[in-house]
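This report describes selected features of one structure for a reader who has not met it before. Please examine the sequence and the model shown here before reading on.

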Amino acid sequence: MPENTTTTKNKPQKRTNYLTEGRIKKEKAKLSEMFAGIEDEDRRTLVNSVIDEAAFLKVALLQAKTELKKEGLTTETKNASQKFIKAHPSTAIMKNTRGNIPKLLTS
């Protein structure tokens, strides 16, 4: 009997991980250039801590945004015979992250 070679299983696509140290460092470098003229040591320390948080938040938002573009705003969950449609988990991440940005700027 001939082998059945037409039944290949598609591998699920892996998610691209944008949340890497390299991307965060690159974002920190961009933001640090903007505030390079600060000479006061206390202000520079404060600005550097804000830059660290802002760089992480920007990369995290990029990750969530690309997942939403690929997978859509909703997901379907099956529980036995019931189907539920709910918001994609990345929408909650974006909501929480964007809510933290004003807090970051006022701290």
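## Asn100 and its surroundings

Asn100 is classed as partly exposed because its relative accessibility is 35%, and that class lies between buried, under 20%, and exposed, over 50%. The model on which this value rests is a predicted one. Asn100 belongs to helix α3, which covers residues 89–106. Along the chain, Asn100 and Ala54 are 46 residues apart, and their C-alpha atoms are separated by 9.8 Å.

## The hairpin

Strands β1 and β2 pair with each other in the antiparallel sense, and 6 bridges join them. One of the bridge partners can be named: Asn79 is matched with Gln82 in β2. Between the two strands of this hairpin there are 2 residues, and Ala80 adopts a positive phi near 60°.

The table lists the elements named in this report.

| Element | Residues |
|---|---|
| Strand β1 | residues 74–79 |
| Strand β2 | residues 82–87 |
| Helix α3 | residues 89–106 |

## The cavity

How many cavities of 30 Å³ or more are counted? The count is 1. The largest cavity holds about 40 Å³ of space. Its lining is made up of Arg15, Thr16, Gln63, Thr66, Glu67, Lys70 and Glu71. By residue class, the lining of the largest cavity contains 3 polar and 4 charged residues, with no nonpolar residue.

How values were computed. Residues are numbered from 1 along each chain as its sequence is written. This is a predicted model: local features need pLDDT of at least 70, side-chain atom pairs count only at pLDDT 80 or more; totals for chains, interfaces and linings use all residues. Side-chain values use heavy atoms; hydrogens and water are left out. Two strands pair if DSSP finds at least two bridges between them. Helices (H or I, at least four residues) and strands (E, at least two) are DSSP runs, numbered from the N terminus. On a 1 Å grid over the protein atoms alone, a cavity is a set of points where a 1.4 Å probe fits but cannot get out, and a pocket is an open set with protein on both sides within 12 Å along at least five of seven lines; lining residues have an atom within 4 Å of a point. Grid points are joined across faces, edges and corners, and a volume is the space filled by probe spheres set on the points. Ala, Val, Leu, Ile, Met, Phe, Trp, Tyr, Cys and Pro count as nonpolar, Asp, Glu, Lys and Arg as charged, and the others, Gly among them, as polar. Buried means under 20% relative accessible area, exposed over 50%, partly exposed in between (1.4 Å probe, protein chains only).
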